Amino acid sequence: MAFSETVYIDAPIETVFKITTDFEQAPMIMENVIKAEKLTEGPLQVGTQVKETRNVRANEIMTVLHVIEFIPNQKYTVKSESGGMTVIYQYQFLGNENGTTIDFTGSIRSKGLKNAFIRPFFEKILKKEDENHLLRLKEYIEQEKTV
């Protein structure tokens, strides 16, 4: 596992799940995401594809995210593949009467010897980019409640 994060948000699970899975809000939550847009029609579900544009070291990088697991108000998982590297981000939601806990895990798999050597560097970059995105999500949602 490359990295993980857990955060508690003072908001109902339905609100937290809805905002977290609204990819168009990603630029407000994830610091390096410039834009995200759904490529498939209909509601978010397994098979949905989202094109994400990130600013990585002053370069715009586009990735297609594939939703590979989706259980409303419980869990969703996205996967992206590029150049022999597979990145999987999984989010699990647990609600109680006072709010919602999100458990996030990010993992990277590599194919080939070359990618095995590059993988630690790639993991370090991703961890730096995304390690605090749930804290930003928490601030975003809890700030919305006070507005």
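**Salt bridges in a predicted model**

Glu69 and Lys75 form a salt bridge, with the closest N and O atoms 3.3 Å apart. The model is predicted. The exercises below work through its charged pairs.

**Exercise 1.** Find how many salt bridges the rule gives.

*Solution.* Apply the cut-off: a Lys or Arg side-chain nitrogen within 4 Å of an Asp or Glu carboxyl oxygen. The count comes to 5 salt bridges.

**Exercise 2.** Classify Glu69 by its relative accessibility.

*Solution.* Take the limits: buried is under 20%, exposed is over 50%, and partly exposed lies in between. Glu69 has 24% relative accessibility, so Glu69 counts as partly exposed.

**Exercise 3.** Glu52 forms a salt bridge with Arg54. Give the N to O distance, then decide whether Glu52 and Arg54 are buried or exposed.

*Solution.* Start with the distance. The closest N and O atoms of Glu52 and Arg54 are 2.7 Å apart. Next, take the acid. Glu52 is at 7% relative accessibility and therefore counts as buried. Then take the base. Arg54 is at 9%, so Arg54 counts as buried.

**Exercise 4.** Place the Lys138 and Glu142 pair in its helix and give its N to O distance.

*Solution.* Locate the residues. Both lie in helix α4, residues 133–146. Lys138 and Glu142 are 4 residues apart, about one turn of the helix. Their salt bridge has its closest N and O atoms 2.9 Å apart. Now check exposure. Lys138 has a relative accessible area of 23% and is partly exposed. Glu142, at 23%, is partly exposed.

**Exercise 5.** Which residues are linked in a network of salt bridges?

*Solution.* The network links Lys35, Glu37 and Lys51.

Notes:
Residues are numbered from 1 along each chain as its sequence is written. This is a predicted model: local features need pLDDT of at least 70, side-chain atom pairs count only at pLDDT 80 or more; totals for chains, interfaces and linings use all residues. Side-chain values use heavy atoms; hydrogens and water are left out. Buried means under 20% relative accessible area, exposed over 50%, partly exposed in between (1.4 Å probe, protein chains only). Helices (H or I, at least four residues) and strands (E, at least two) are DSSP runs, numbered from the N terminus.
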